[in-house]
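User: I am new to this structure. Please walk me through it in short steps.

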Amino acid sequence: MVVTSSEILIESINPSTKEVLGRVPIMGKGKVDEVVAASQKAYEMWQLTSYKQRAKYIGKLRQVIADQADDIARLISEEVGKPLAEAYLSELTGPLDTCTWLIENCEKLLNDQTITLSNPLLSSKQSIVTFEPLGVVGIIAPWNYPFSIPMMAILMAIMVGNTVVLKPSEKSPLIGLKIAELCQAAGLPPSVVEVITGDRETGKFLSEANLAKLIFTGSVQGGQKVMAQAAANLTPLSLELGGKDAAVVLPDAPLDWTCRGLVWGAFTNAGQACASVERVYLVKGKNTEKMLAKLVKLTSALKLGAGTADSTDVGPLIDEVQLAKVKEHVEDAVGKGARILAGGHSREDLGGYFFEPTILTDVNHTMKVMTEETFGPLMPIMVVENEDQAVELANDSQYGLCATIWAGKLERAECVARDLNVGTALINDCLFSHATPQLPWGGIKKSGFGRSHSYFGLYDLVNIKHISIDSAGGSHRVWWYPYGKGKIKMGKGGIQMLHGRMANRPSGLLNFVGNAFGQAEPGEENKESK
Ligand code: NAD
């Protein structure tokens, strides 16, 4: 991208070092509309390509991503501070697996379906459901999984024949531009995937543009605004918003596995995952003290540092706003009686926006740390008396994205999973499912709506179109004009014939048949049977 001196720019900052990595333009309304128009033009050709042709492009894209994995991982690590191991494991595998899954399954999943109709009056009809692309899909993406979230959405959208305009976060624009570069390197036709750079205002222009669908991933506040903005054009949208994911730990949970899982779930990506373990309900049992001690030991051993350093376990927060929010949540909790068992301090001495992985206990639902999304490396733990209390507290949230249940007896854990008001409930693991293209993803309550990934996600990206073919011929349909007493009798008879009590069905049949085949000429009333 050529940046001219007259443009207003945003700076991409490395949160581990605060150094400026690059500058990109903030695109205005004129540019956004121009790009959407180019995408619409590209759609006219792209929608005509076959699944096989599109699968070939997706295959090339998979190759290009795999070939450039080191460059992509390093850029992610630099621009959002994620440890390199996470850049490979949680940013690259999801899109690559999505390529494979789409190539192998998309056409099969979106094959035409024939529908059997139960009403005998419709027996001459054949109904087909076909899945057609929608048009230009806008994608507004966050910075926390700056590659995998938009890339998986792009792959799904273009594989079904849509074109895409992506607006990456203003905090990770270079990764957005890298996505454009990868699409170009894979030989995708021009404008099938467009990337626009900018801030919230640019996102606003995109959400107000002439789109067939909008996929927004970000904060609740952002989602609320985007929904209002998209309303003017009645643009259908899916909202993937924040979470306050609870972990319910049952007394028989395997000690080592559970502690390691919780520590990873709370501190991966420095806690900046929508599906992070944000609060823990530890049901009292004989292992409670041992579990707390083990969680503290594992947490204290985590190495804080720059994302690009091989030994780093936990990187920085994205910026000073996020750092301030984490500090505020800790101060609020401590002020209301919480105890810090591990960590608890910011570490700006390390050069970036660092905060120690922190465990808090003696917490309750008057504290922000238990009710608001922190999006930072905090694990507040509430020891509760029993399973029912844990479920009640877990459900006491404005969010409903994910939850985890940690247990020995899996049947018991499944019962708890069914009681939790969330879009995803994972037993004895956390966070893995977003990167798995076969599994549906999405939330309820303020975590948003719509489902991405899986065949449910594919259905969200197509026009589910019904085609009905009638081979009846003859003069007319019994429910067409003209109306009259006879037609009313026929309707009444039909209802009794098909749905009435057994005793009323024979008279229903007679009334229906006797009145169904009267005059068909417009203006003439049906003859009434005697
Ligand atoms: P954000 O809402 O600040 O920004 C997200 C994107 O939306 C950015 O590209 C931003 O420029 C754009 N944007 C913001 N306001 C807008 C507006 N009014 N109109 C148009 N575009 C607008 O969120 P963020 O800080 O980038 O991301 C963190 C949030 O995202 C967290 O709450 C996290 O839980 C959530 N998230 C959810 C999921 C999920 O799948 N449910 C995944 C990742 C992140």
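**Ligand, cores and domains**

Analyst: We start at the ligand. A polar backbone atom of Gly218 lies 3.2 Å from one of its oxygen atoms, a polar contact being a pair of N or O atoms within 3.5 Å. This is a predicted model, where local features need pLDDT of at least 70, side-chain atom pairs count only at pLDDT 80 or more, and totals for chains, interfaces and linings use all residues. Residues are numbered from 1 along each chain as its sequence is written, and side-chain values use heavy atoms, with hydrogens and water left out.

User: How much of the ligand's accessible area does the protein cover?

Analyst: Accessible areas come from the Shrake-Rupley method with a 1.4 Å probe. On its own, the ligand has 840 Å². The protein covers 94% of that.

User: Which side chain has an N or O atom 3.0 Å from an oxygen atom of the ligand?

Analyst: The pair joins a side-chain N or O atom to a ligand oxygen atom. The distance is 3.0 Å, and the residue is Lys167.

User: Which helix gives the most to the largest nonpolar core?

Analyst: Such a core is a set of buried (under 20% relative accessible area, 1.4 Å probe, protein chains only) Ala, Val, Leu, Ile, Met, Phe, Trp, Tyr and Cys residues joined through side-chain atoms within 4.5 Å. The largest has 58 residues, and Leu61, Phe147 and Ile158 touch the most other members. Helices are DSSP runs (H or I, at least four residues), numbered from the N terminus. The top contributor, with 8 residues, spans 148-159: helix H5.

User: How far apart do the C-alpha centres of domain 2 and domain 3 lie?

Analyst: Domain bounds come from an automatic or database domain assignment. It gives domain 2 as 246-432 and domain 3 as 478-529. Their C-alpha centres are separated by 66 Å.

Methods. Buried means under 20% relative accessible area, exposed over 50%, partly exposed in between (1.4 Å probe, protein chains only). Helices (H or I, at least four residues) and strands (E, at least two) are DSSP runs, numbered from the N terminus. A polar contact is a pair of N or O atoms within 3.5 Å; within protein, one must be able to donate a hydrogen and the other to accept it, and residues adjacent in sequence count only if both atoms are side-chain atoms.
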